[in-house]
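Could you walk me through this model in my viewer, one selection at a time? I would like to know what to pick next and what I will find there.

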Amino acid sequence: MRLKIQILACSDNIVRYMQSSNLELKLIKMVRGKVEMKRIENATSRQVTFSKRRNGVMKKAYELSVLCDAQVAIIIFSHKGKLYEFSSSSMQKTIDRYREYAKEKQMNSNTFEVVQHMEHLREETANIAKRIEILEISKRKLLGQGIGSCSMNELQEINNQLDRSLKKIRARKFQLFKDEIRRLKDRERLLLEENARLSEKCGLRPRPRPAAFELPVDLTRPAQQKEKEKCSEVETDLNIGLPDIGWS
C-alpha cells in the first residue's frame, strides 16, 4: 500500500529512508505571500524593509555590473533624506554620460517632430495650391474667359452665380444709399437746430423749415401713365397759309 505523506520540512536522511521504503513524498515548500504595494505604516517595519531591500538592490547592481560588464549607478534617498549610492565606476562620469544621452535623445526626438511638421506643411501647401488653381479657373470663367469648353449646365451655373452676385451687390448698394440718406438727414436736423438756436440768440425770426419734396398724388406713376395716355389722344392739325377770315 502506497502512502502519501505531506511534510513541511525533512532532512536528507529521512528523505532517503522514505524513498528506500517505497513511499511517495510530496514536499510542500513554504510559499511567501505577496506583499501589498502600499506604504508601510509601522516605522520600525518600514525601516527594516528599507534596509533589506536597499541592500538587495545594491547587491543586484553590483552583480549586474560584474557579470555583464555594465555601467551601473544607483542613487537612493531615504525618507529621512539620507543618501545611499552605488556606482560601478565614477558616479559623476555616469551622470554626465546619462545627461549626454538624454540630450541626444531629445535632439533626435525634436528632429523627428520637425520632419513630421515639415511633411504636414508640404501637404497643406499642395492642397492650398490646388484650391488657388480652382479659384483662378472659376474667376476666369466669371469674367467670361475660358468658357469655350464649358457645357450648357456649367454656363447656366455661371449665369446663376452672376445673378446671385448682382443681387448681393445691389442690396449692398441700396443699403449704403439708405445709410447715407439717414446720415444726411441727421446732419440736416442738427444744422436746423443750430440755425434756430443762433436765430433765437440774435433775436431774429427763424425761417420756416422747408417741406420735404414730395411728388403730388396725381403725379405718381399710375397718374403719369394716365396723363401720357390723355396727351396721346389729343388731335392736332397743321395748316399752312393764311387763316380763313371772313371779310365784311
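**A tour by selection**

Start by selecting R164, which is partly exposed, with a relative accessible area of 42%. Keep in mind along the way that this is a predicted model. Now add E157: R164 forms a salt bridge with E157, and their closest N and O atoms are 3.6 Å apart. E157 counts as partly exposed too, at 41% relative accessibility.

Next, select residues 152–202 to bring up helix α4. This helix has 51 residues and reaches 74 Å from its first C-alpha to its last, close to the 75 Å expected at 1.5 Å a residue. Move along to R189 and E193, which form a salt bridge with closest N and O atoms 3.4 Å apart. Why do these two sit about one helical turn from each other? They are four residues apart in α4. Both are partly exposed, E193 at 40% relative accessibility and R189 at 39%.

Then pick E194 and R197, whose side chains meet in a salt bridge at 2.0 Å, N to O. These residues also lie in α4, three residues apart, about one turn of the helix. E194 is partly exposed at 33% relative accessibility, and so is R197, at 48%. The total count is seven salt bridges. Before leaving, look just past the helix: α4 is followed by G203, whose phi is positive, near 80°.

Now jump to residues 43–68, helix α2. Its 26 residues reach 37 Å from first C-alpha to last, close to the 38 Å expected at 1.5 Å a residue. At the N-terminal end, show N42 as sticks: N42 caps α2, with a side-chain oxygen 3.0 Å from the backbone nitrogen of T44. Which residues of α2 are buried? Colour R46, R54, M58, A61 and S65. The buried residues of α2 pack against β3 (73–77) and β4 (83–87), so show those strands next to the helix.

At the other end, select D69, just after α2, in the loop between α2 and β3. D69 is not a glycine, yet it has a positive phi of about 55°. Is D69 buried or exposed? At 71% relative accessibility, D69 counts as exposed.

For a last stop, select S78 in the loop between β3 and β4. S78 counts as buried, at 12% relative accessibility. Leaving aside neighbours within four places in sequence, S78 is in contact with F50 and Y84, so display both side chains to finish the tour.

Key
Residues are numbered from 1 along each chain as its sequence is written. This is a predicted model: local features need pLDDT of at least 70, side-chain atom pairs count only at pLDDT 80 or more; totals for chains, interfaces and linings use all residues. Side-chain values use heavy atoms; hydrogens and water are left out. The expected span of a helix is 1.5 Å times one less than its number of residues. Buried means under 20% relative accessible area, exposed over 50%, partly exposed in between (1.4 Å probe, protein chains only). Contact means heavy atoms within 4.5 Å. A polar contact is a pair of N or O atoms within 3.5 Å; within protein, one must be able to donate a hydrogen and the other to accept it, and residues adjacent in sequence count only if both atoms are side-chain atoms. A salt bridge is a side-chain nitrogen of Lys or Arg within 4 Å of a carboxyl oxygen of Asp or Glu.
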